[in-house]
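Open the model in your viewer and keep the sequence panel beside it. The tour goes from one selection to the next and says what to look for at each stop.

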Amino acid sequence: MSGQGFVIAASRDLALLAGLAARIDAATGWERLAFDGPAAIFVEMPDAFVTGTATHETLLVGTVFPRHGPIARCGRIDEETIADLRGGSPLRLLTRYWGGYLAIVWSEGRLRIIRDPSAAL
């Protein structure tokens with residue numbers, strides 16, 4: 001396969017999630033991303049994701065570019081944007097970045113998934 005394949009499995013039942021993750025891993029061989037929330041996130045091409053923080057509570061799956069400046073794929077997003085996402089607001093992400101992505105955020109006991117406005121991913 002080629003492309004930007006990914007699978008997200010989420011469950012508050014950690015035993016169920018572990019079983020799902022094992023089956024996804026066996027079926028795909030894709031890389032599981034480090035994420036602290038109740039989700040298992042696998043990507044076909046590890047370089048196709050942007051990670052938000054060292055704590056692995058915010059991930060962007062897909063391709064993200066800065067809204068201003070040279071057109072180059074971002075390796076990271078800024079800490080202010082991450083803080084806003086963790087607080088429940090995607091506004092800074094939408095005004096500072098563009099691309100085809102899903103933002104996956106684990107904060108305050110809630111799992112949030114935010115799709116880019118173009119729905120490219």
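Which side chains meet in a salt bridge of 3.6 Å, N to O? Select E80 and R92: their side chains form that salt bridge, the term standing for a side-chain nitrogen of Lys or Arg within 4 Å of a carboxyl oxygen of Asp or Glu. The two residues are 12 apart and link distant parts of the chain, with E80 in helix α2 and R92 in helix α3 (residues 91-96). Helices are DSSP runs of H or I with at least four residues, strands are runs of E with at least two, and both are numbered from the N terminus.

Before going on, note that this is a predicted model, in which local features need pLDDT of at least 70 and side-chain atom pairs count only at pLDDT 80 or more, while totals for chains, interfaces and linings use all residues. Residues are numbered from 1 along each chain as its sequence is written, and side-chain values use heavy atoms, with hydrogens and water left out.

**The salt bridges**

Keep R92 selected and add D84. These side chains also meet in a salt bridge, at 2.7 Å, N to O. D78, E80, D84, R92 and R96 are linked in a network of such bridges. E80 is partly exposed, at 45% relative accessible area; D84 is partly exposed at 23%, and so is R92 at 25%. Here buried means under 20% relative accessible area, exposed over 50%, and partly exposed in between, using a 1.4 Å probe and protein chains only.

Next select E57 and R86, whose side chains form a salt bridge of 3.2 Å, N to O. This pair is 29 residues apart, joining the loop between β4 (49-51) and β5, where E57 sits, to helix α2, which holds R86. The count of salt bridges comes to five.

**A buried arginine**

Now select R112 in strand β7 (residues 110-115). What is the nearest side chain of opposite charge to R112? That side chain is E108, 4.2 Å away; R112 is buried yet has no salt bridge. For charge, Lys and Arg count as positive and Asp and Glu as negative; His and the chain ends are not counted. Leaving out residues up to four places away in sequence, R112 touches several others, including L85, R86 and I104. A contact means heavy atoms within 4.5 Å.

**The open sheet**

Show the strands β1, β3 and β2. They form an open sheet in the order β1-β3-β2, with antiparallel pairing; two strands pair if DSSP finds at least two bridges between them. β1 and β2 (31-33) stand at the edges with a single partner strand each, so one side of each has no neighbour in the sheet. β2 pairs with strand β3 (residues 39-43) over three bridges. Along this pairing, R32 stands opposite F42 in β3. Helix α1 packs on the sheet and touches β1, β2 and β3.

**Two loop residues**

Select S11, in the loop between β1 (6-10) and α1 (14-28). Is S11 buried or exposed? S11 is buried, with a relative accessible area of 14%. Beyond residues up to four places away in sequence, S11 touches L16, L17 and P38.

Finish at P70, in the loop between β5 (58-66) and α2 (79-86). P70 counts as exposed, at 66% relative accessibility.

Key
Axes are lines fitted to C-alpha atoms, for helices over the stretch in contact, and angles run from 0 to 180 degrees between N-to-C directions.
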